Amino acid sequence: MNDTVKPDFYDPKAFFDGMAAAGLVVPTAVLGTFGRGAKFEEVVNRFNDLVNKIAKDDGAELYAFPPVMDRKIMEKVHYLETFPHLCGSVHSFFGNGLDALRLAQRAEKGEQWGEELKQTEVVLNPAACYPVYPTLSGTVPEEGRLITVLNWVYRHEPSLEPTRLQSFRMREFIRVGKAEQVIPWRDMWHQRGIDLLTSLELPVSSDVATDPFFGRGGQMRAASQKEQKLKFEVLVPVISAENPTACCSFNYHQDHFGSTFDIRTPDGEVAHTACMGFGMERIAMALFKHHGFNPDTWPAAVRQLLWS
C-alpha cells in the first residue's frame with residue numbers, strides 16, 4: 001500500500017465498508033458479530049498454520065473445547081467480580097405450553113422476552129484458556145504442562161470498531177509449572193510474537209498492559225497488574241495510529257489458577273501459570289489494513305511465509 005496515510009486510513013467505517021466490498025466480511029444487524037468470507041478465513045487458517053510451524057518442537061498438547069463452558073468455572077475464578085460487563089450467560093426455556101405461548105407472543109410483539117428463560121449450566125467462554133485449568137487439577141510432571149487451544153471467545157463489547165468483536169477466536173498456549181519455568185516461557189513467546197508479526201511486515205510495538213477490570217476496585221487491580229508487569233501486548237495500528245490494536249497478549253497469572261483449581265508441582269507447591277494468545281481476527285484485519293484487501297497482491301515475503 002502507499003506509504004502516505006490517507007484521511008480515511010484509520011476511519012473504522014471506511015475500513016469495515018472496504019472489507020465488506022471486497023467480500024472479506026459479511027455485515028450483520030448486531031455490532032461485533034459480522035461474518036467472515038472465504039479470503040478472510042483463508043488468512044486466519046494460514047496464520048494458524050504458521051503458528052503451528054513455529055511451535056512444532058515445543059511439545060504442546062492440543063485441546064479443543066466448544067464455545068461454552070461450565071458456569072462454575074466463571075464463578076470460581078471470580079470473573080463476575082472482575083469482568084461482569086463482559087460476561088455472556090446461556091439461558092434457555094424450561095416452561096410448559098402456556099409459558100411457551102407467552103414467550104412466542106412477546107417475541108412477535110417485539111417485546112423483551114428474556115425473562116421467560118432461565119439460566120443453564122453453561123456460559124460463553126470469556127477466554128480461550130479458561131476451560132483448560134480445571135482439567136489440570138492435581139500434580140503436574142516435573143517439566144510442567146504445555147497446552148494449546150484454538151477457541152471461540154465471547155465478550156459483551158458491541159462496538160462500531162471492527163476489531164472489537166463480541167465473538168472471536170483466540171489461539172492460545174498455556175504453560176503450567178514452577179515460576180522459574182513459566183516466566184521465561186512467557187517472555188520467550190513475547191519475543192516470538194514480536195518477531196512473527198514483524199516478519200509479516202506489520203508495524204509492531206509492544207507495551208505493558210492491563211486487563212479491562214470493572215469498577216473502582218478494577219482500577220487498583222489494573223495498577224497492580226501493570227506495576228508487576230504481569231501482562232504485555234504486541235500492538236499494530238489498525239483503527240488508530242495513536243491507540244494501536246492489541247493483536248497478541250502475554251500473561252503471567254502467578255498462582256491464581258493453580259490455587260483456584262488445586263494444581264500442584266511435584267514438590268507440593270501451588271503451580272504457576274502463564275498464557276499467550278493471538279487474536280486471529282485482529283491479526284487478519286491488521287494484514288488487510290497494511291497490505292491491502294487482496295492477498296494475491298501482498299508483499300512476496302509475506303506470501304512466502306503464509307502460503308509456503
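**View 1. Lys229 sits in the loop between α7 (215–227) and β11 (231–236).** Helices and strands are numbered from the N terminus and are DSSP runs, with H or I over at least four residues for a helix and E over at least two for a strand. The structure is a predicted model, in which local features need pLDDT of at least 70, side-chain atom pairs count only at pLDDT 80 or more, and totals for chains, interfaces and linings use all residues. Residues are numbered from 1 along each chain as its sequence is written, and side-chain values use heavy atoms, with hydrogens and water left out. The phi angle of Lys229 is near 55°, a positive value in a residue other than glycine. Most residues other than glycine have a negative phi. Because its relative accessibility is 47%, Lys229 counts as partly exposed; buried means under 20% relative accessible area, exposed means over 50%, and partly exposed lies in between (1.4 Å probe, protein chains only).

**View 2. Glu201 is placed in the loop between α6 and β10 (205–208).** Glu201, which is not a glycine, has a positive phi, with a value near 60°. Its relative accessibility is 40%, and therefore Glu201 counts as partly exposed.

**View 3. Tyr79 and Tyr130 form an aromatic pair.** A search of the whole structure finds 14 aromatic pairs, where rings of Phe, Tyr and Trp (its six-membered ring) pair if their centres lie within 6.5 Å, and planes under 30 degrees apart count as stacked, over 60 as edge-to-face and the rest as tilted. In the pair of Tyr79 and Tyr130 the centres are 6.0 Å apart and the planes are at 90°, an edge-to-face arrangement. Since Tyr79 lies in helix α4 (residues 79–82) and Tyr130 in the loop between β6 (118–124) and β7 (138–139), the pair ties together parts that are 51 residues apart in sequence. Tyr79 counts as buried because its relative accessibility is 3%, and Tyr130 counts as buried because its value is 10%.

**View 4. The rings of Trp189 and Phe278 make an edge-to-face pair, because their centres are 6.0 Å apart and their planes stand at 75°.** Trp189 belongs to helix α6 (residues 179–199) and Phe278 to strand β14 (residues 272–279), and the pair links these distant parts of the chain, which are 89 residues apart. Trp189 has a relative accessible area of 1% and is therefore buried, while Phe278, at 0% relative accessibility, also counts as buried.

**View 5. One aromatic cluster is formed by Tyr79, Phe83, Tyr130, Tyr133, Phe213 and Phe257.** The pair of Tyr79 and Tyr130 from View 3 can be found again among the members of this cluster.

**View 6. Trp185 is a residue of helix α6.** Trp185 counts as buried because its relative accessibility is 7%. Leaving aside neighbours within four places in sequence, Trp185 is in contact (heavy atoms within 4.5 Å) with Leu146, Phe173, Ile174, Arg175, Ala274, Cys275 and Met276. One of these partners is Arg175, which is 10 residues from Trp185 in sequence and 7.5 Å away in space, taken from C-alpha to C-alpha.

**View 7. Thr245 lies in strand β12 (residues 245–254).** With a relative accessibility of 5%, Thr245 counts as buried. Not counting residues up to four places away in sequence, Thr245 touches Thr163, Val234, Leu235, Val236, Pro237, Val238, Ile239 and Arg282.

**View 8. Gly110 lies in the loop between α5 (97–108) and β6.** Its relative accessible area is 65%, and Gly110 is therefore exposed. Leu235, a residue that Thr245 touches in View 7, is 125 residues from Gly110 in sequence and 42 Å away in space, C-alpha to C-alpha.

**View 9. The setting of these close-ups is a protein with 10 helices and 14 strands.** Its C-alpha trace spans about 60 × 60 × 40 Å along the principal axes. Of the 308 residues in the protein, 45% are buried. Among contacts between residues at least 6 apart in sequence, 71% join residues at least 24 apart.
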